[in-house]
Amino acid sequence: MVTDIGAGLSGLEQLRAFIASGQRPGIADALDFDLVEVADGRAVFAGVPGPHAYNPMGIVHGGYFATLLDSACGCAVHSKLTAQQAYTTLELKIAFHKTVTAQTGRVRAEGAVITIGRRVAFAEARLIDASGNLYATATSTLLVMER
């Protein structure tokens with residue numbers, strides 16, 4: 001989607017064009033979250049978890065956390081790429097700090113690049129609520145490749 005919207009643009013320009021388009025990929029529709037901010041080496045996703053993201057115990061499934069954190073890490077790296085580069089996640093490690101329910105309200109996954117090289121990037125992300133309470137953290141290793 002991003003390459004269709006921002007063909008020939010840098011990664012940061014692609015992500016900005018994507019936000020401006022108002023479009024969402026299928027996973028964001030399914031889990032009801034959005035890319036809300038991008039900057040050089042930084043990306044933020046936000047959503048309101050609710051029953052659509054619950055596990056059988058009545059709390060937000062870890063996959064919801066993982067999806068937002070992976071997206072934040074990945075798009076932080078995407079913001080550093082040229083128009084000729086792409087990326088994919090090689091590894092994602094998540095630490096769950098606190099339970100999330102529908103009463104938690106809007107959460108933000110804030111991702112940032114730690115380092116980026118020619119072939120490998122490292123990023124980290126935090127999942128927080130509006131008050132800054134920490135719910136999960138992640139670190140990610142990503143493969144950088146030519147298109």
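Which residues touch the most other members of the largest nonpolar core? The points below start there and work outwards.

1. **Core.** This is a predicted model. Its largest nonpolar core has 35 residues. Leu35, Tyr64, Phe65, Leu68, Leu69, Val77 and Leu127 touch the most other members. Two or more residues come from each of α2, α3, β1, β2 (42-47), α4, β4 (107-116), β5 (120-129) and β6 (134-146). Helix α4 gives the largest share, with nine residues. As a general rule, nonpolar side chains tend to be buried together in soluble globular proteins.

2. **Fold order.** The protein has four helices and six strands. Along the sequence they run α-α-α-β-β-α-β-β-β-β.

3. **Overall dimensions.** The radius of gyration is 15 Å. A compact globule of 147 residues would have a value near 15 Å, so the two agree. Along the principal axes, the C-alpha atoms fill a box of roughly 45 × 30 × 25 Å.

4. **Burial and surface.** Of the 147 residues, 43% count as buried. The accessible surface comes to about 7200 Å². Carbon and sulfur atoms hold 53% of that surface.

5. **Contact range.** Take the contacts with a separation of 6 or more. Residues 24 or more positions apart account for 61% of them.

6. **Tyr64.** This residue is among the core members with the most core neighbours. Leaving out residues up to four places away in sequence, Tyr64 touches Leu31, Asp32, Gly47, Val48, Pro49, His52, Ala53 and Val107. Leu31 and Asp32 reappear in the next two points.

7. **Gly63.** Gly63 lies in helix α4 (residues 62-78). Is Gly63 buried or partly exposed? Gly63 is partly exposed, because its relative accessible area is 26% and buried means under 20%. The C-alpha atoms of Gly63 and Leu31 are separated by 9.9 Å. Along the chain, these two residues are 32 residues apart.

8. **Asp32.** Asp32 sits in the loop between α3 (26-31) and β1 (33-39). Its phi is positive, about 60 degrees, although Asp32 is not a glycine. Most residues other than glycine have a negative phi. Asp32 is partly exposed, with a relative accessible area of 37%. Asp32 is also one of the residues that Tyr64 touches.

9. **Helix α2.** In α2 (residues 11-21), Gly11, Leu12, Gln14, Leu15 and Phe18 are buried. They cover an arc of only 160 degrees around the axis, so they lie on the same side of α2. The general geometry is familiar: an α-helix has 3.6 residues a turn, so residues three or four places apart point the same way. Just after α2, Gly22 takes a positive phi of about 75 degrees.

10. **Cysteines.** How many disulfides does the structure hold? Zero. Cys73 is in no disulfide, and its nearest cysteine sulfur, that of Cys75, is 10 Å away. Cys75 is likewise in no disulfide, with the sulfur of Cys73 as its nearest, 10 Å away. The cut-off for a disulfide is 2.5 Å between sulfur atoms, so this pair does not qualify. Cys73 is buried, with a relative accessible area of 0%. Cys75 is buried too, at 11%.

How values were computed
Residues numbered from 1 in each chain as written. Predicted model: local features only at pLDDT ≥ 70, side-chain atom pairs only at ≥ 80, totals over all residues. Heavy atoms only, no water. Buried < 20%, exposed > 50% of the residue type's maximum accessible area, 1.4 Å probe, protein only. Arc of directions from axis to C-beta. Rg over C-alpha atoms; globule rule 2.2 N^0.38 Å. Contact = heavy atoms within 4.5 Å. Areas by Shrake-Rupley, 256 points an atom, 1.4 Å probe, with all protein chains shown as cover. Core = buried A, V, L, I, M, F, W, Y, C linked by side-chain atoms within 4.5 Å.
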